[in-house]
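Good morning, and thank you for the time on today's agenda. I would like to introduce a structure that is new to this group, beginning with a single residue and widening the view from there.

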Amino acid sequence: MESDFIEKINRQFADSEPIEVLKYFLKTYKGKIGFASSMGAEDQILTEMIVGIDPSARIFTLDTGRIFPETYDLIEKTNTRYKINIEVYFPERDQVEKMVVEKGINLFYESIENRLLCCQIRKTIPLKRALQGLEIWITGLRRSQSVTRTNMQMLEWDKLNNLLKLNPLVEWDEDKVWNYIRKKNIPYNALHDKGFASIGCQPCTKAIKPSEDVRAGRWWWENPEMKECGLHLKK
Ligand code: SF4
């Protein structure tokens, strides 16, 4: 049933612009739809589009406790520019304290298990809290961002969180993203001008060379097939 509906919608909107897709979903699911912004370039485009359609739509982000100062600046700048108040979700204090006492403050460099645990406590669990009560969430994911995202569809069923996931920019490439940002003068993270492509937590993100894959600077010590934080894993 769910898969028939998803296929039908993906066919219906196959040639539609993201703005048309967003208009349909924000209206159809009003009160039951939310946008999880990571404050990345794609997310900033979606914020601009969403606010233009429905300024009361829910937009939230995660503060893991390890994000860059530049990302906090961007949250502030985005709120001012669009006259909104992005909801910020934090991890549970007890879980972070227990993890750090048992495994150390920079546990993620030690093993993939430790890295996934940190992502789970600082990202996945707060995201679940943010998604409570929603039937669908919007993301800025694109198919061409990495090898872990090549099969992504515009509308998908998110088994981990048990709700629909909408990826309006799934077909866009890097050039299209940056052309749109420049054309509309959309605020973006200052780190993008210093060689950072995909920006996450400070200890797990580094600048990349122009020839590298856009996600090469994330968890660079791991192999590419493992590079998801648990927010967008397929199970
Ligand atoms: S990206 Fe790094 S610091 Fe951030 S939650 Fe994941 S492991 Fe922890």
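Please find W219 first. Is W219 buried or exposed? W219 is buried, because 24 other C-beta atoms lie within 10 Å, and 20 or more are enough for that class. I should say at once that this is a predicted model, and that every value I quote is computed from it.

W219 sits in the segment after α7. Its backbone also deserves attention: phi of W219 is near 45°, a positive value in a residue other than glycine. As background, most residues other than glycine have a negative phi. K83 is another such case, with a positive phi of about 55° although K83 is not a glycine. The setting of K83 is the loop between α4 and β3, the strand at 87–89. K83 counts as exposed, because it has 8 C-beta neighbours inside 10 Å.

Let me now turn to the chain as a whole. It contains 7 helices and 6 strands. Along the sequence, their order is α-α-β-α-β-α-β-α-α-β-β-β-α. The radius of gyration is 17 Å, close to the 18 Å that the globule rule gives for 235 residues, so the chain is as compact as a globular protein of that length. Along its principal axes, the C-alpha trace spans about 50 × 40 × 35 Å. Of the 235 residues, 33% are buried. As for contacts between residues at least 6 apart in sequence, 72% of them join residues at least 24 apart.

The next topic is the interior. Which residues of the largest nonpolar core touch the most other members? They are F35, L46 and I50, in a core of 29 residues. At least two residues of this core come from each of α2 (18–28), β1 (33–36), α3 (41–53), β2 (58–62), α6 (112–131), β4 (136–138) and β6 (163–166). The largest share, 5 residues, is supplied by α3. Apart from this core lies another, of 8 residues, and W219, where we began, is one of them, as are I67, F108 and C119.

To return to F35 in the largest core: leaving aside residues up to four places away in sequence, F35 touches L46, I50, A57, R58, I59 and I138.

Helix α3 merits a closer look. At 1.5 Å a residue, its 13 residues should span 18 Å, and the end C-alpha atoms are 19 Å apart, which agrees. The buried residues in α3 are A41, E42, D43, Q44, I45, L46, T47, M49 and I50. Those buried residues pack against α2, β1, β2, α4 (69–82), β4 and α7 (174–184).

Helix α5, at residues 93–103, offers a contrast. How many of the 11 residues of α5 are buried? The count is 0, and this helix is hardly covered. Just after α5, G104 takes a positive phi of about 100°.

We come now to the ligand. There are 13 residues around it, and C118, C119, R122, C201 and C204 come nearest. By class, this shell has 7 nonpolar, 2 polar and 4 charged residues. C119 has already appeared in this talk, as a member of the core of 8 residues.

Finally, I will use a few residues to relate distant parts of the sequence. I19 lies in helix α2. I19 counts as partly exposed, because it has 16 C-beta neighbours inside 10 Å. I19 and G52 are 33 residues apart in sequence, and their C-alpha atoms are 9.5 Å apart in space.

I208 belongs to the segment after α7. With 18 other C-beta atoms within 10 Å, I208 is partly exposed. Not counting residues up to four places away in sequence, I208 touches G195, A197, A216 and G217. The C-alpha atoms of I208 and T28 are separated by 40 Å, and these two residues are 180 apart along the chain.

The last residue on my list is S144, in the loop between β4 and β5, the strand at 155–158. S144 counts as partly exposed, with 14 C-beta neighbours inside 10 Å. S144 and K27 are 117 residues apart along the chain, and 28 Å separates their C-alpha atoms.

That concludes the presentation, and I thank you for your attention.

Notes: Residues are numbered from 1 along each chain as its sequence is written. This is a predicted model: local features need pLDDT of at least 70, side-chain atom pairs count only at pLDDT 80 or more; totals for chains, interfaces and linings use all residues. Helices (H or I, at least four residues) and strands (E, at least two) are DSSP runs, numbered from the N terminus. The radius of gyration is taken over C-alpha atoms; the globule rule is 2.2 Å times the number of residues to the power 0.38. A residue is buried if 20 or more other C-beta atoms lie within 10 Å of its own, exposed if 12 or fewer, and partly exposed in between; C-beta atoms are placed from the backbone. Two residues are in contact if their C-beta atoms, placed from the backbone, lie within 7 Å. A residue is near a molecule or strand if its C-beta atom, placed from the backbone, lies within 6 Å of it. Ala, Val, Leu, Ile, Met, Phe, Trp, Tyr, Cys and Pro count as nonpolar, Asp, Glu, Lys and Arg as charged, and the others, Gly among them, as polar. A nonpolar core is a set of buried Ala, Val, Leu, Ile, Met, Phe, Trp, Tyr and Cys residues joined through C-beta atoms within 7 Å. The expected span of a helix is 1.5 Å times one less than its number of residues.
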